[in-house]
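This report looks at side-chain pairs, strand packing and one helix face. Please view the sequence and the model side by side while reading.

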Amino acid sequence: MTVEPLPLTGERTVPGIAEENYWFRRHEAAYLDLVRHCVGAVVLEAGCGEGYGAALIAGHAARVVALDYDRLTAAHAHRAYPELAVLRGNLASLPLRDESVDVVANLQVIEHLWDQEGFLAECARVLRPGGRLLVTTPNRITFSPGRDTPLNPFHTRELAPAELHELLVGAGLRVELLAGLRHGPALRALDERFGGSIIDAQVAVVVDGGTWPDDLLAAVASVRSEDFEITTDDLDASLDLVAVAVRP
């Protein structure tokens with residue numbers, strides 16, 4: 001069965017589109033790094049979006065429940081990834097029992113939520129003791145530099161490393177890992193090739209509404225998940241934050 005791709009709105013990334021490949025691979029890199037925590041586990045992906053991440057996790061987990069608030073998005077995930085149990089629901093009130101899952105995955109979602117504290121309290125509620133919350137989110141310091149409000153109109157509140165740590169601890173969770181995703185050597189070479197930032201080069205095309213230059217589109221389409229690095233060095237300079245927190 002052929003499933004039509006979700007439209008690009010700027011709110012979520014989708015696979016299989018050359019112009020979107022940089023962002024898709026950037027998100028995929030975090031899934032591939034964090035999936036080790038999901039082996040044999042019952043996993044809730046809170047905010048599954050298109051569903052590709054939950055499907056990746058499903059290849060390792062015992063069971064994956066994919067949850068999204070948007071009706072059309074949840075319906076798409078159900079059609080595109082029949083191996084998933086897809087639910088529609090509000091992340092501020094997770095439709096799961098207390099202590100019912102081993103892992104909650106929340107990748108590139110918390111920055112979209114109005115009640116981040118309430119959501120994290122819900123994560124702590126549904127996690128079993130010893131269960132893990134996996135979070136990735138844009139680093140406010142580099143994603144919206146020098147601003148109090150996010151550049152992305154779909155983001156409500158972006159977080160710096162210390163702010164994310166504080167939120168996780170405030171929810172009663174123990175932070176096991178706080179790391180940052182950044183460009184590896186191949187992407188740093190593309191940064192240099194495109195005037196200092198391949199991200200800025202892409203944004204300029206989108207903002208101007210022009211045609212993608214052939215060399216830029218080819219470079220973006222060539223990006224692989226392996227071209228990103230996740231490290232605990234110099235968190236303030238990272239592109240995305242990557243956290244693993246444990247419910248005691």
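Partly exposed means a relative accessible area between the buried limit, under 20%, and the exposed limit, over 50%. The structure is a predicted model.

## Salt bridges

The whole structure contains 12 salt bridges. One of them joins the side chains of D33 and R36, with N to O at 3.4 Å. D33 has 26% relative accessibility, so it is partly exposed. R36 is partly exposed too, because its relative accessibility is 47%.

A second bridge links E122 and R125, whose closest N and O atoms are 2.8 Å apart. How far apart are E122 and R125 in helix α4? They are three residues apart in α4 (residues 116–126), which means about one helical turn separates them. In general, an α-helix has 3.6 residues a turn, so residues three or four places apart point the same way. The two partners fall into separate accessibility classes: E122 is buried at 13%, while R125 is partly exposed at 23%.

A third bridge pairs E229 with R188, and here the closest N and O atoms lie 3.9 Å apart. This pair connects distant parts of the chain. E229 belongs to strand β7 (residues 228–231), R188 belongs to helix α7 (residues 185–193), and their positions lie 41 residues apart in the numbering. E229 is partly exposed at 31%. R188 is partly exposed at 43%. Which residues are joined into one network by salt bridges that share partners? They are D98, E122 and R125.

## Strand β8 and its partners

Is strand β8 enclosed or open? Seven of the seven residues of β8 (residues 240–246) are buried, so the strand is largely enclosed by the rest of the structure. Its side chains split into two sets. D240, V242, V244 and V246 point one way, and L241, A243 and A245 point the other way. Both sets are buried.

β8 has strand partners. Strand β5 (residues 127–138) pairs with β8 in the antiparallel sense, over seven bridges. Within that pairing, L134 has V244 of β8 as its bridge partner. Strand β6 (residues 174–183) also pairs with β8 in the antiparallel sense, over seven bridges. There, L178 is matched with A243 of β8.

## Aromatic pairs and a charge over a ring

Four aromatic pairs occur in the structure. In one, the rings of Y22 and W23 have centres 4.9 Å apart. Their planes stand at 90°, so the pair is edge-to-face. Y22 and W23 are both buried. Together with F228, they form one aromatic cluster.

Elsewhere, a charged side chain sits on an aromatic face. R88 lies over the face of Y69, 5.2 Å from the ring centre.

## The two sides of helix α8

Which residues of helix α8 are buried? In α8 (residues 198–208), they include I198, I199, A201, Q202 and V205. Viewed down the axis of α8, its buried residues fit within an arc of 165°, so they line one face of the helix.

The other side of α8 carries the exposed residues D200, V207 and D208. The buried residues of α8 are covered by elements including α1 (21–34), β6, α7 and α9 (214–221). Two of these names have appeared above. β6 pairs with β8, and α7 holds R188.

## A buried loop residue

A41 sits in the loop between α1 and β1 (42–46). Why does A41 count as buried? Its relative accessible area is 6%, and the limit for buried is under 20%.

What does A41 touch, leaving aside neighbours within four places in sequence? Its contacts are A61, A62, R63, D102 and V103. A41 and V103 are 62 residues apart in sequence. In space, their C-alpha atoms are 6.9 Å apart.

Notes. Residues numbered from 1 in each chain as written. Predicted model: local features only at pLDDT ≥ 70, side-chain atom pairs only at ≥ 80, totals over all residues. Heavy atoms only, no water. Salt bridge = Lys/Arg side-chain N within 4 Å of Asp/Glu carboxyl O. Buried < 20%, exposed > 50% of the residue type's maximum accessible area, 1.4 Å probe, protein only. Helix = DSSP H or I, 4+ residues; strand = E, 2+ residues; numbered from the N terminus. Pairing = 2+ DSSP bridges. Phe/Tyr/Trp six-rings, centres within 6.5 Å; stacked < 30°, edge-to-face > 60°. Lys NZ or Arg CZ within 6 Å of the ring centre and 35° of its normal. Arc of directions from axis to C-beta. Contact = heavy atoms within 4.5 Å.
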